[in-house]
Amino acid sequence: MSDIKALVDGFSGFRNQYMKDSSGRYKGLADYGPHSRILVIACCDSRADPAIITNSSTGDMMVIRNIANLVPPHLAVSEFQETDAALEFASLYLELEHIIVLGHSRCGGVRSLLTRLIDDMVPDSALDSWMSVAEPAAKSVLADMPDASLDDQACACSRRALVASLDNLRHYPGVAKRLDAGQLQLHGWYFNLASGELQAWDEEGQEYVELV
Ligand SMILES: [Zn+2]
């Protein structure tokens with residue numbers, strides 16, 4: 001119960017800060033409308049909350065969260081409609097200028113995928129099915145780094161899956177349209193939650209570079 005009480009107390013603090021202050025930060029956000037020009041695709045992991053790690057405020061970003069911050073390939077008929085719907089919404093109803101795919105180290109979803117492949121287990125769960133999106137990245141890491149530690153393999157897999165997600169993003173119709181019109185930029189960020197480093201994928205140099 002104490003965990004829930006902490007959340008309720010937290011909401012009281014939030015309401016005092018955001019809804020009762022003299023600037024009325026929420027007054028301009030209460031209506032429907034394009035409140036954000038940034039979409040972040042992040043992992044469900046509570047340690048990689050995009051609003052917290054970028055010190056953002058309410059209304060600053062739309063967020064899609066799923067296990068391992070994956071963007072599946074775009075298919076006309078797909079079992080992964082949730083991401084498709086969210087991307088369509090963002091493209092249509094926000095004045096979208098940036099999409100950031102935010103990966104992170106020590107990702108439990110990526111670790112589960114690698115473990116399944118290493119142990120040669122048959123996929124038999126919703127998590128296995130979802131994580132199959134990152135299977136090409138995982139298989140390439142296991143082929144290239146067979147003797148590395150599981151942590152290092154997971155780190156490499158997260159980074160490669162992030163690049164694959166950026167490639168997949170470009171094929172969603174709403175995203176492609178805004179890219180073609182020069183209205184949108186894609187970003188791949190990788191947050192090392194052990195060291196506190198934030199890196200960005202450099203498409204031209206084909207490498208991750210420090211952002212901070
Ligand atoms: Zn994760």
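Before I place a residue in a loop, let me say that helices and strands here are DSSP runs, at least four residues for a helix and at least two for a strand, numbered from the N terminus. Please also keep in mind that what we are looking at is a predicted model.

I will start with the sheet, in which six strands are arranged in the order β2-β1-β3-β4-β5-β6, forming an open sheet with mixed pairing. The edges are taken by β2 and by β6, residues 207-210, and each of these has a single partner strand, so one of its sides is left without a neighbour in the sheet. From one strand to the next, the twist averages 25°.

Within that sheet, β4, residues 185-192, pairs with β5, residues 197-202, in the antiparallel sense and over four bridges; among the bridge partners, Asn-192 is matched with Glu-197 in β5.

Turning to the helices, α3, which covers residues 81-93, lies across β1, β2 and β3 and runs at about 170° to β2, while α7, covering residues 150-169, lies across β1, β3, β4, β5 and β6 and runs at about 165° to β4.

Finally, where does Gly-59 sit? Gly-59 belongs to the loop that connects α2, residues 50-53, with β2, residues 62-66. With a relative accessible area of 28%, Gly-59 counts as partly exposed, because that class lies between the 20% limit for buried and the 50% limit for exposed. If we set aside the neighbours within four places in sequence, Gly-59 is in contact with Leu-29, His-35 and Ser-36. Ser-195, by contrast, is 136 residues from Gly-59 in sequence and 28 Å away in space, C-alpha to C-alpha.

Methods
Residues are numbered from 1 along each chain as its sequence is written. This is a predicted model: local features need pLDDT of at least 70, side-chain atom pairs count only at pLDDT 80 or more; totals for chains, interfaces and linings use all residues. Side-chain values use heavy atoms; hydrogens and water are left out. Buried means under 20% relative accessible area, exposed over 50%, partly exposed in between (1.4 Å probe, protein chains only). Contact means heavy atoms within 4.5 Å. Two strands pair if DSSP finds at least two bridges between them. Axes are lines fitted to C-alpha atoms, for helices over the stretch in contact, and angles run from 0 to 180 degrees between N-to-C directions.
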